[in-house]
Amino acid sequence: MGLSTHVLDTMHGTPAAGMAVALYATDADGTPPRLLRRIVLNADGRNPDGPLLDNASFHRGTYRLCFAVGDYFRARGVALPEPPFLDVVTLDFGVADPGQHYHVPLLVSPWSHATYRGS
C-alpha cells in the first residue's frame with residue numbers, strides 16, 4: 001500500500017517525465033517540515049522506485065508534496081513569464097489510516113493544477 005504519486009502534463013498530454021518532487025512530513029505543532037525524500041519522475045510520470053513511502057515508513061499524520069512545475073515546463077521549452085504563474089505546486093494532505101493506499105495524482109499545466117485522492 002503506502003503512498004504514491006503520478007503527474008500528468010495536461011499542456012502536452014503526456015506524463016511529466018523528469019519533474020522533480022520532494023516529500024515532507026509536516027507537524028501541527030509548528031516545527032519545520034522534515035524532508036523525507038526527493039525524486040525525479042520517470043517516463044510514466046511516477047517514482048521510478050515504486051511507492052514514495054512503503055507500509056513500514058507510512059504513518060498517520062500530515063505530509064507535503066512539492067512539485068517543481070516551473071522548472072519542468074522550462075526544461076520542456078515552454079516560454080514562461082518571470083515569475084511564472086505556477087513555480088512550485090505544494091500539496092498538503094493528511095493520512096488518517098496508513099493501512100490504506102494513498103495515491104496523490106497531479107494534473108498540471110503552466111496555468112492550472114488539480115489533484116484528488118486516487119486509487
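This passage describes the fold of one protein chain, from its overall form to its two sheets and a single threonine. The structure is a predicted model.

The protein chain contains one helix and eight strands. Read from the N terminus, its elements follow the order β-β-β-β-β-α-β-β-β. The radius of gyration is 14 Å, close to the 14 Å that the globule rule gives for 119 residues, so the chain is as compact as a globular protein of that length. Along the principal axes, the C-alpha atoms occupy a box of roughly 40 × 30 × 20 Å.

The surface and the contacts of the chain were also computed. Of the 119 residues, 40% count as buried. The accessible surface of the protein chain amounts to about 6400 Å², and carbon and sulfur atoms contribute 55% of this area. When contacts between residues at least 6 apart in sequence are considered, 62% of them link residues at least 24 apart.

The strands are described here sheet by sheet. In general, the strands of a sheet pair through backbone hydrogen bonds, in either a parallel or an antiparallel manner. One open sheet consists of four strands in the order β4-β3-β5-β6, and its pairing is antiparallel. Strands β4 (34-40) and β6 (88-95) lie at the edges; each has a single partner strand, so one side of each is left without a neighbour in the sheet. On average, and with direction ignored, neighbouring strands of this sheet are turned by 20 degrees against each other.

The pairings within this sheet can be followed from strand to strand. Strand β3 is joined to β4 by six bridges in the antiparallel sense, and Y24 stands opposite L35 in β4. Six bridges also connect β3 to β5, again in an antiparallel arrangement; here A22 is placed opposite C66 in β5. Strand β5, formed by residues 61-68, is in turn joined to β6 by eight bridges, and these two strands run antiparallel. Within that pairing, L65 has L91 of β6 as its bridge partner.

Strand β3 was also examined for its surroundings. Six of the seven residues of β3 are buried, so this strand is largely enclosed by the rest of the structure. Residue T26 belongs to β3, which spans residues 20-26. The relative accessible area of T26 is 14%; since the cut-off for a buried residue is under 20%, T26 is classed as buried. Its side chain makes a polar contact with the side chain of T62, at 2.6 Å. With residues up to four places away in sequence left out, T26 touches P33, T62, Y63 and R64. T62 therefore appears both among the residues that T26 touches and as its partner in the polar contact.

A further open sheet is formed by four strands in the order β2-β1-β7-β8, and its pairing is mixed. Its edges are occupied by β2 (14-15) and β8 (113-115), each with a single partner strand, so one side of each is left without a neighbour in the sheet. Strand β7, which covers residues 102-108, pairs with β8 in the antiparallel sense through three bridges. In this pairing, L106 stands opposite T115 in β8.

Note on methods:
Residues numbered from 1 in each chain as written. Predicted model: local features only at pLDDT ≥ 70, side-chain atom pairs only at ≥ 80, totals over all residues. Heavy atoms only, no water. Pairing = 2+ DSSP bridges. Axes fitted to C-alpha atoms, helices over the stretch in contact; angles between N-to-C directions. Rg over C-alpha atoms; globule rule 2.2 N^0.38 Å. Buried < 20%, exposed > 50% of the residue type's maximum accessible area, 1.4 Å probe, protein only. Contact = heavy atoms within 4.5 Å. Areas by Shrake-Rupley, 256 points an atom, 1.4 Å probe, with all protein chains shown as cover. Polar contact = N/O pair within 3.5 Å; in protein donor to acceptor, adjacent residues only side chain to side chain.
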